[in-house]
Amino acid sequence: MKVLVTGGAGYIGSTVCSALEDAGHTPVVLDSLVTGPEAFTRDRIFYRGDVADSALVRRIFAEHPEIAATLHFAALIVVPESVAHPGRYYRENVVASLTLFETLQALGQTRVVFSSSASIYDSPTDFRVTESSPLRPLSPYARSKRMTEEMLEDLCAAPGSGLRAVALRYFNPLGADPRLRTGPYLAEPSHILGRLVAASQGRQAAFEITGTDYATRDGTGLRDYVHVWDLALAHVAALESFDTAFERAAGQGTDPRGFLTINVGTGQGVTVRELVTAFSEVSPTPLTVREGPRRPGDSAGAYADITRARELLNWTPRHTTAEALASALAWEAVRPERLG
């Protein structure tokens, strides 16, 4: 099928586009290129613009009336930046999304897969979270994701809406497309893998572990690191099983009211120290590590219970953390060429 992919020039959005193409689907990319590189839109149907531009969204659907669903990735994602500039995050992540959803409703587009985040969860004592676990978003970024979920749920539940949505709550994506078509693109990325690579290549003096006093097994934050390709395949599964997922949820005795939340992770927790050790084992160069204080907005972390993803989407992760790290290093070697 043909699918609108907002934010399709981003790290995750572009990788999902590749997975869609591999599965026989056609992505139609809408991206402002404020952060994502134009190179990731090459050889794809591409519109440059903002998701809040209703006239542009209407033109896309007029020119591609066979679009069957929308995958919504477009968002700002840097936690410390959101703490420094919260208004920008609420405007770009929440207000712009509302405009997009209302435009989709007006066009009779009823299927949405929303790129959400596990950062909305509280950190339970055992660190394992299901979709019904308590929520406690600690940063404006995380709150913007939760607000968008709530807003989307209300829109789906409104009488006569017809809108249905699946919110995929990502845990921590790592790695690159195994065929090295796309991967992390920022020269100075803020996410953990980018900082590991930069430190290993000497572009940063050292990798800093931010926070060593959490109530985890070694004091560092615990996360569920999922290979970005597995994450991409989860989106393909959500697209292809969209209607079936709601039927299966209803068959389990739940009333999703047109809105489903589904965790996407590995089902296992890895601490930052453990990730550093795993990276050191695959990195061809030694890694200098130092310790620092917690960053604003960070939490002890959590890992995913992925039962719902298995049952509703028939999806399970296929790749290990080591494979994700190896793909990231392979991508780094070709990144300049791929980005032109």
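## Cores and helix crossings in a predicted model

User: In this predicted model, which residues of the largest nonpolar core touch the most other members?

Analyst: The model is a predicted one, and its largest nonpolar core is made of 43 residues. Among the parts of the chain that supply this core, helix H7, which covers residues 228-240, gives the most, with 10 residues. The core members that touch the most others are Ile-12, Leu-71, Leu-168, Leu-313 and Trp-315.

User: How many residues are in the other core that lies apart from this one?

Analyst: Among the residues of that other core are Ile-67, Phe-101, Ala-165 and Ala-167. In soluble globular proteins, nonpolar side chains tend to be buried together. The number of residues in this other core is 25.

User: With which residues is Leu-71 in contact, once its neighbours within four places in sequence are left aside?

Analyst: Leu-71 is one of the residues that touch the most other members of the largest nonpolar core. When the neighbours within four places in sequence are left aside, the contacts of Leu-71 are Val-3, Leu-4, Val-5, Thr-6, Val-16, Leu-20 and Val-113.

User: Why are H1 and H7 oblique to each other, and how do the residues of their contact divide by class?

Analyst: The axes of helix H1 (residues 11-22) and H7 come within 8 Å and cross at roughly 60 degrees. Angles from 35 up to 65 degrees fall outside the parallel and perpendicular ranges, and H1 and H7 are therefore oblique to each other. In H1 the residues that meet H7 include Tyr-11, Ile-12 and Val-16, while those in H7 include Trp-229, Leu-233 and Val-236. By class, the contact of H1 with H7 divides into 12 nonpolar, 3 polar and 1 charged.

User: Is the crossing of H2 and H4 left-handed or right-handed?

Analyst: Helix H2 (residues 54-63) and helix H4 (residues 86-106) have axes that come within 10 Å and cross at roughly 40 degrees, and the two helices are therefore oblique to each other. On the H2 side the contact is made by Ser-54, Val-57, Arg-58 and Phe-61, and on the H4 side by Thr-99, Leu-100, Thr-103, Leu-104 and Ala-106. The way in which H2 passes H4 is right-handed.

User: Is Leu-33 buried or exposed?

Analyst: Leu-33 is found in the loop between strand S2 (26-31) and strand S3 (45-48), and its phi is positive, about 60 degrees, although Leu-33 is not a glycine. A residue under 20% relative accessible area counts as buried. Because Leu-33 has 12% relative accessibility, it is classed as buried.

Notes. Residues are numbered from 1 along each chain as its sequence is written. This is a predicted model: local features need pLDDT of at least 70, side-chain atom pairs count only at pLDDT 80 or more; totals for chains, interfaces and linings use all residues. Side-chain values use heavy atoms; hydrogens and water are left out. Axes are lines fitted to C-alpha atoms, for helices over the stretch in contact, and angles run from 0 to 180 degrees between N-to-C directions. Helices (H or I, at least four residues) and strands (E, at least two) are DSSP runs, numbered from the N terminus. Angles under 35 degrees count as roughly parallel, over 145 as roughly antiparallel, 65 to 115 as roughly perpendicular and the rest as oblique. A crossing is left-handed if the near helix is turned anticlockwise from the far one by less than a right angle, and right-handed if clockwise. Contact means heavy atoms within 4.5 Å. A nonpolar core is a set of buried Ala, Val, Leu, Ile, Met, Phe, Trp, Tyr and Cys residues joined through side-chain atoms within 4.5 Å. Buried means under 20% relative accessible area, exposed over 50%, partly exposed in between (1.4 Å probe, protein chains only). Ala, Val, Leu, Ile, Met, Phe, Trp, Tyr, Cys and Pro count as nonpolar, Asp, Glu, Lys and Arg as charged, and the others, Gly among them, as polar.
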